Amino acid sequence: MRELWLRLHRWLALSLGLLLALLGLSGALLELKGPILRWEVGATMLQLAPGEHGTRLEQDAWIKAASDAYPQLHKVFGAAPPRQGFLESDNVIVFGALKERPGTGIAMIDPYNGAPRGFFVFEDLWLAKLVALHRSLLLPQALGSTLVLVCGLVLLGSLGSGLYLWWPGRRSWWKAASLRPGSQGTRRLREWHNLAAAWLCLPLLLIAASGAWLARPELFGWLTATPMAVKPLFSAAHGHLLLGTPGAWLAFLCGISLPLLYITGLLLWWRKRVARRAVQSFKETLHDTP
């Protein structure tokens, strides 16, 4: 049974491990979307203008202010109040279609006096490329989201099989989930692989399951009568494990761990493959020797 689980674990990782590493790395970087956005568009656009602030305007006033200030915003889709949208800003985010080109126009509006604070096209940002990589692997939406769903299921299988192979049984759990003094070479590499997976297994399972659901929620209608009604819950579980800021940092570590698990696992597989070939070559040499 152990050999079967080992083969399952190995081939799941070899088949889609690189894509999982990319999804993990892009997901980790998206936890830093606030600093990335400030670097791309400038902090001034995202901050409130200095001075006293009174009562917030209504949403209709925000949309009118954006339409008046930025005529390139052809059709407004909606407005996100401060600190409530995907993009982190102290100003209102009014978004919609552009008049002369494809893409999503983003107008930043002061929530108190309606003053324009800036405008940019979301698709022009590196942040948008990062989102596209994480959501659809830069592929057409239908194909990419389905592949992300498959990656999520594969990650669940890989974590389950890896947990079975690592399970310490009667051994000390602390020793099984820590680095041993004096370990070197392949043994140390395996310890790093096991260490990352063991300590982050539970949050990785939640991230993998919620990510698979978010990739194609319409396919899980049998699970929830109204998939879109529970999407915020799955998004929160995927983004910060329902734990707020501490959960976001834990999710960041989980994302970074996937490239680490892929690289260490690939090196372990390659070293074992080389060793087996060396042993087979030695046996053949002995057999051919008179």
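Strand β3, residues 104-109, is mostly covered, with 5 of its 6 residues buried. The model is predicted.

**Strand pairing**

β3 has a partner on either side of it in sequence: strand β2 spans residues 92-98, and strand β4 spans residues 116-121. Both pairings involve β3. β2 and β3 run antiparallel. So much is also found for β3 and β4, which run antiparallel. The table sets out the two pairings.

| Pair | Bridges | Residues between the strands | Opposite residues | Turn glycine, phi |
|---|---|---|---|---|
| β2 and β3 | 6 bridges | 5 residues | Ile93 and Met108 | Gly103, near 130° |
| β3 and β4 | 5 bridges | 6 residues | Ile106 and Phe120 | Gly114, about 75° |

Each pairing is a hairpin. In the hairpin of β2 and β3, Gly103 takes a positive phi. In the turn between β3 and β4, Gly114 has a positive phi. Across the strands, Ile93 of β2 stands opposite Met108 of β3. On the other pairing, Ile106 of β3 stands opposite Phe120 of β4. In a regular strand, side chains alternate between the two faces of the sheet.

**A nonpolar surface patch**

Which residues form a nonpolar patch on the surface? They are Met1, Leu4 and Tyr164. Together they have about 360 Å² of accessible area. Tyr164 lies in helix α6, which covers residues 141-166. Is Tyr164 buried, exposed or partly exposed? Its relative accessibility is 38%, so Tyr164 counts as partly exposed. That class lies between the cut-offs of under 20% for buried and over 50% for exposed.

Conventions:
Residues are numbered from 1 along each chain as its sequence is written. This is a predicted model: local features need pLDDT of at least 70, side-chain atom pairs count only at pLDDT 80 or more; totals for chains, interfaces and linings use all residues. Side-chain values use heavy atoms; hydrogens and water are left out. Buried means under 20% relative accessible area, exposed over 50%, partly exposed in between (1.4 Å probe, protein chains only). Helices (H or I, at least four residues) and strands (E, at least two) are DSSP runs, numbered from the N terminus. Two strands pair if DSSP finds at least two bridges between them. Patches are made of residues with over 30% relative accessible area and no salt bridge: like charges are joined within 9 Å, nonpolar side chains (Val, Leu, Ile, Met, Phe, Trp, Tyr) within 5 Å. Accessible areas come from the Shrake-Rupley method with a 1.4 Å probe; for residues, only the protein chains shown count as cover. A salt bridge is a side-chain nitrogen of Lys or Arg within 4 Å of a carboxyl oxygen of Asp or Glu.
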